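Me: I have a chain here that I want to walk through step by step. Can we take it as short questions with reasoned replies?

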Amino acid sequence: MALHDPRGSLTGMAFSPDGKRLALGSADSTIVLDAEGGAPQATFPHQGDGSPVYAFLPDGSRLLLASGAHPLTRRPCLRVWDLTTRAELPPVHGPHAKSWLALSANGLAAVACSSGSETLTLYE
């Protein structure tokens, strides 16, 4: 099966741990699709994040995005979206880290890094 993103160029993607959801990023938004049929489940804006980096919590309930800067605070952060309510939760601010993002198996810690950086940022 081929999934099509009508927004244009894809800049990031991630499967949920159970394989049932797929997050697809473009320069200005993220769409979460049902991975089996391709039906949209949620759309989240994220202006100016460029190439987003994603991770789902282990239970698939939330999606994290390593962000260059939050649109309201203009500070680097991890943005968090609740996929049940489709609401954005308060961001977790920290150093600029938007090239790699990984979560611990229990979902209680995340590590992020930017390309060319010698520093990993641990979020707990």
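Me: In which sense do S7 and strand S8 (residues 87–93) pair?
Reply: This is a predicted model. Its S7 and S8 are joined over 5 bridges. In one of the pairs, Leu-78 has Val-92 in S8 as its bridge partner. The sense of the S7 and S8 pairing is antiparallel.

Me: Which residue in the hairpin of S7 and S8 takes a positive phi?
Reply: The hairpin has 4 residues between its strands. One residue in the loop between S7 and S8 is not a glycine, yet its phi is positive, near 65°. That residue is Arg-86.

Me: Is Arg-86 buried or exposed?
Reply: Arg-86 is found in the loop between S7 and S8. Exposed means over 50% relative accessible area. Arg-86 has 53%, so the residue counts as exposed.

Me: And His-46, buried or exposed?
Reply: His-46 also has its place in a loop, between strand S4 (40–45) and strand S5 (53–56). The cut-off for buried is under 20% relative accessible area. His-46 is at 0%, so the verdict is buried.

Me: Which residues does His-46 touch, not counting those up to four places away in sequence?
Reply: Some contacts of His-46 fall in a run of sequence: Ser-26, Ala-27, Asp-28, Ser-29 and Thr-30. Gly-25 is 21 residues from His-46 along the chain, and their C-alpha atoms are separated by 9.2 Å. The list of residues touched also includes Pro-52, Tyr-54, Leu-65, Arg-79 and Trp-81.

Me: What volume does the largest pocket have, and which residues are closest to its centre?
Reply: The volume of the largest pocket is about 210 Å³. The lining is made of 13 residues. Strand S6 (62–67) and strand S7 (77–82) each give two or more of them. Closest to the centre are Leu-64, Val-92, Gly-107, Leu-108 and Glu-124.

Me: How many nonpolar residues are in the lining of the largest pocket?
Reply: Sort the lining by class. There is 1 polar residue, and 2 are charged. The nonpolar count is 10.

Me: Stepping back, how many helices and strands are in the chain?
Reply: Read along the sequence, the pattern is β-β-β-β-β-β-β-β-β-β-β. Of the 124 residues, 41% are buried. The accessible surface comes to about 6,700 Å², with 56% belonging to carbon and sulfur atoms. The tally is 0 helices and 11 strands.

How values were computed. Residues are numbered from 1 along each chain as its sequence is written. This is a predicted model: local features need pLDDT of at least 70, side-chain atom pairs count only at pLDDT 80 or more; totals for chains, interfaces and linings use all residues. Side-chain values use heavy atoms; hydrogens and water are left out. Buried means under 20% relative accessible area, exposed over 50%, partly exposed in between (1.4 Å probe, protein chains only). Accessible areas come from the Shrake-Rupley method with a 1.4 Å probe; for residues, only the protein chains shown count as cover. On a 1 Å grid over the protein atoms alone, a cavity is a set of points where a 1.4 Å probe fits but cannot get out, and a pocket is an open set with protein on both sides within 12 Å along at least five of seven lines; lining residues have an atom within 4 Å of a point. Grid points are joined across faces, edges and corners, and a volume is the space filled by probe spheres set on the points. Ala, Val, Leu, Ile, Met, Phe, Trp, Tyr, Cys and Pro count as nonpolar, Asp, Glu, Lys and Arg as charged, and the others, Gly among them, as polar. Two strands pair if DSSP finds at least two bridges between them. Contact means heavy atoms within 4.5 Å.
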